[in-house]
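Let's take a friendly walk through this structure, starting with one chain and then moving on to its partner. Keep the picture in view as you read.

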Amino acid sequence: MLFILALTLLVSCREDEEIYLKEVVPITQPEYTSVEGFYLLNEGMMQWNLASLDYYDYSTGALSRDIYLSANPTVVMELGDVGNDIGIYGSKMYMVINCSDKVEVVDKRTVKRIGQINIPNCRYIKFYQGYAYVSSYVGPVVLEGEGSDDDVYQLGAVFKVDTTTLQIVDKCVVGRQPDELDIVDGKIYVANSGGYSQGAKIGYENTVSVIDIETFKEIERIPIAINLLGCKCDKRGILWVSSRGDYHGTESMLYAYDTQKHRMVKTFDVRVANTWMDGDSLYVISNEWSELAEGFSSGTYKIINTKTLEVVSENFITDGTDARIKKPYGIAVNPITKDILLADAYSYVDFGFLYCFGPDGKYKWRIRAGNIPAHFVFLGENINEQ
Amino acid sequence: MLKRFSITLLAIVACCLGSLAQDADDVPLGLDTVQYLENVVVYGRKPYAEVIPAQTLAGKKLEGLNSHSIADAIRYFSGVQVKDYGGVGGIKTIDIRSMGTNHLGVFYDGIQLGNAQNGQIDLGKFSLDNVEEISLYNGQKSEIFQPARDFGAAGSVYIKTRRPKFSGEKNDNFNITMRTGSFGLANPSVRWEHRISRTLIMSLSAEYTYATGQYHFRYRKKFSDGTIAWDTTAVRKNGDVQAFRAEGAIFGTLDEGKWNAKFYYYDSERGIPGAIVNNVWMNSQRQWDRNFFTQGGWQRRFGDNFETMVNAKYARDFMHYNNPDTTLMLVDNKFRQDEIYVSSANKYTIIPDWDVNLSVDYKWNYLNSTLTNFSYPQRHTTLAAFATARTWHRFKCQASLLYTMINDRYKTIYQGETLAHHSKWIHKFTPAVFMNYQPVQRYDFYLRAFYKRIFRMPTFNDLFYTDMGNANLRPEYANQFDLGFWYQRLREEGFFTGLKFTADAYYNTITDKIIAVPSGRGQYRWTMMNIGKVKIIGVDVTARATMHLARDFNVDVNLSYTYQKARDYSDPESTGYGGTYKGQIAYIPWHSGSVVGRATWRDLDVNYSFIYVGERYSTSCNERAYHQQPWYTHDLSASYTFSIGSTKLKVAAEVNNLFNQYYDVIINYPMPGRNYKLILKFDF
């Protein structure tokens, strides 16, 4: 009996879990430019339903953690599973939640939920003339030949969504497992990966699909390299496409393709995990796996001048702080101050870190973000928010 | 008074006779065994061969627990955590003293169940229908006369299937059981036991399980003021299972020994219900398993000093995983494993209180898969164990040294071409020491201690899973130090007829722990590394009381409690808010425990059980976002046994999770609320 008593004293009872409300953490001095702040989407580990949104306010110099949850505490099962992309268009902000098969739409200032667009296995988002375009791994399943396992594959698609009604109005089938997309001159360029066919007979995709927005039909496939991931266009119409490689000797690479002259202008032998375009600078980070580093990836931090097509910085972190970064995962550059924001996903289990570096590449501050911090968007007047 | 005394005395005599009549290893070892006498609950007072006795569930006590699978029953042991993905078909693996599932050996009728592919035995797949006894040993079964493999795990569970017993001239026993209840469960089983001759008996059993696996679950969260933020109820889908099991065994008695042979076949198809996340309430992945093994053992004594035992096994396991959901990556993978195992154990008694044993085992494992660029690994394992046991008056000691030699052979294949053949060797020596001391002859009070160092090999998945495995992995080590005591007091009359109390404190370390680390752009690529380190401090306590309340009315209460501080020392740089350093490792609660109460009155048997698992975190980053609430379930069952002619009929009803608590064991894998089961058993 004493034993039972002791047991009940030691242990606690089950309660309903409390909603994790906003936590504001002051970091640094306020700063007043037309960039009011930025949102950071933390992916959250797959199956953990832990995608979360943080907001950094330049006017207070503080980070608000889990701002989606505090703005929408009554949403069942919260933000969702694996946030893969974020963008602002008009007054709305869109979060592509990959494993929750939806694009979550919120007010860009209050973060109050406006609605959701159900798109299975959605990946990246871009906007153009009142419509959102979302790449997704979901398209028709193709059966070839005898129909053995090797001959079955899935095509992807780009969904066209009306940003006023949030309804899907059209869908254009592209290559297999399309990832990042960008829009230039009335055309959508989307990088096909073919990641699901890794090792299969059909192999990876090696093209960028071109969609004519007017007709919303795929008009061209541009061969670039296998297993493409990133696709960003600069103001001169050069498409910066990155490949993942095949993890078996073929490494990830960066390609510059001129959309006007229809030719490849340069291939860069640099590793790429993520990129950010700021003016004439393309910031390229990588987190190549290295067994020697005992769990740390040997990250690289480069800047490419998109005008001269030259690598102008081999390491934009100039004070050695890169040795502390375990898994460089996301990057953004403040369009006004040119401060560099870097997301370190760390071990994927811990909360990741958000680093800030000055334009000179010197460490300014770091703070724990959410689980797998990854995707940024800036908020402000007269800046390109997407 | 006199009458009650004589009944008890009779029972003790009967129980001693009963145990003498059985083979040595047929007697449930340790003093924890309740003898199978109707109406009377007593402890057996028998000498035991082990230095440190096991925690054991057997006979009616096991039958009375509301358990469908072996995993459900093991939850009642102290020091054990079960990872349960929910429902009838969900995976259930167990972890003892926070060392990880891969450090646990599961032995089925004396021979270890292998899974070279992932090193984990899903105990949810093993039904309790044909099981007589389950025992849990920390360290190892501290008996020296056993195969070398039995020295090779950090902790072991021994599952013993039913051994036929025949009363009088009866040569055949039949049993038909039907179970039904919640989740659309239909679970019939049959068993036939036959005495071929005085020295030869056999048994055959078969079981079929079908369940739709559907149940309601509820998730909700509240605001800090207690009002509900959101609250949702849904139906768990794609948790259906159908499984067929057939098992046969033959047991022979020799003049100076015995032999046995058996086969086991299991064939199943199940849905994998998957994690519940925002906007996704259903998954459609499926899995098929087919397991077959056949094994046998022979044991004989030569003279007074020498005894030998030979065991052999062949196993084939087939697994097929399919994802038909076209919105995700289509997957259709098949895996086939083969295992061949032979063992010889030889015990020599130098002087009556001093035994030595030498065991040598050989094991071969092979994994074949439809994965592309697969390595087709083979593993040759040779084990040699030298062990000795010595008794000096009231002090018992046992020491063993295990030598392990492993040869892994695999290929590097890319795009259909074999690029290289590899062969890797590992040689290791690992020791264990067990001690037991009884300070005073008069009292059943014993002090005990053990030390053991052992490792687990990286599994084939760790090493060779296409694009994820890391062929350079080293073994993962577990070191265990344990200090404890046990005490019991038996009385032949009075209110308390028996009291037993055990307590152990332990310190374990896991070094070179194999953990998954992200290895590429995005979340979809991982690899395995030897970078983990865990330190575990724990206390296991058990208590048991048997009470005689009135004539024919007995009560038996068992309590267990576990405290564990299992901290992650892997990354000293990950400190502060959101870090993992010194965090409690994933899914290990600080406090857990169980209460099992059983009351018997003539042919009526009522059981109540309670399981408590305290708060824990889903990763070693102990932040609110990963916090898991405690959960506890109350289960109740009652059974009544009666006879119609020569047929014995048992009717049982169970209510599980009586207070309908909605909980998760694994994050986003909801467990069922209140559920029911009805059991009918015919014995003739």
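## How chain A is put together

In chain A, 48% of the contacts with a separation of 6 or more are between residues 24 or more positions apart. This is a predicted model, so keep that in mind throughout.

What is chain A built from? It has two helices and 32 strands. Of its 386 residues, 50% are buried. The C-alpha trace spans about 80 × 55 × 50 Å along its principal axes. The radius of gyration of chain A is 22 Å, which agrees with the value near 21 Å for a compact globule of 386 residues.

How confident is the predictor about chain A? The average pLDDT is 90, and 92% of the residues score at least 70. Here are the two ends of the range:

| Element of chain A | Confidence in chain A | Mean pLDDT |
|---|---|---|
| helix 1 | lowest | 55 |
| strand 8 (residues 102-107) | highest | 98 |

Where pLDDT is low, the predicted coordinates should not be read in detail. That's worth remembering for helix 1 of chain A, with its mean of 55.

## Where the two chains meet

Now for the partner. How many residues of chain A are in contact with chain B? The count is 63 residues of chain A, against 62 residues of chain B. On the chain A side, the elements giving two or more residues are helix 1 (2-10), strand 1 (17-18) and strand 13 (152-154). Helix 1 of chain A gives the largest share, three residues. Sorted by type, this side of chain A has 32 nonpolar, 14 polar and 17 charged residues.

Strand 1 does something neat here: strand 1 of chain A pairs with strand 11 (residues 215-222) of chain B in the parallel sense, over two bridges. If you want a spot to zoom in on, find Glu17(A), which stands opposite Lys221(B) in strand 11 of chain B.

## A stop at Met202(B)

Let's finish with a single residue. Met202(B) sits in strand 10 (residues 200-211) of chain B. Is Met202(B) buried, exposed or partly exposed? Met202(B) counts as partly exposed because it has 18 C-beta neighbours inside 10 Å, while 20 or more would make a residue buried.

Which residues does Met202(B) touch, leaving aside neighbours within four places in sequence? Met202(B) is in contact with His194(B), Ile196(B), Ala249(B) and Ile250(B). Thr372(B) is another matter: its C-alpha atom is separated from that of Met202(B) by 45 Å, and the two residues are 170 residues apart along the chain.

Note on methods
Residues are numbered from 1 along each chain as its sequence is written. Chains are lettered from A and ligands numbered from 1 in the order in which they are written. This is a predicted model: local features need pLDDT of at least 70, side-chain atom pairs count only at pLDDT 80 or more; totals for chains, interfaces and linings use all residues. Two residues are in contact if their C-beta atoms, placed from the backbone, lie within 7 Å. Helices (H or I, at least four residues) and strands (E, at least two) are DSSP runs, numbered from the N terminus. Ala, Val, Leu, Ile, Met, Phe, Trp, Tyr, Cys and Pro count as nonpolar, Asp, Glu, Lys and Arg as charged, and the others, Gly among them, as polar. Two strands pair if DSSP finds at least two bridges between them. pLDDT is the predictor's confidence in each residue, from 0 to 100. A residue is buried if 20 or more other C-beta atoms lie within 10 Å of its own, exposed if 12 or fewer, and partly exposed in between; C-beta atoms are placed from the backbone. The radius of gyration is taken over C-alpha atoms; the globule rule is 2.2 Å times the number of residues to the power 0.38.
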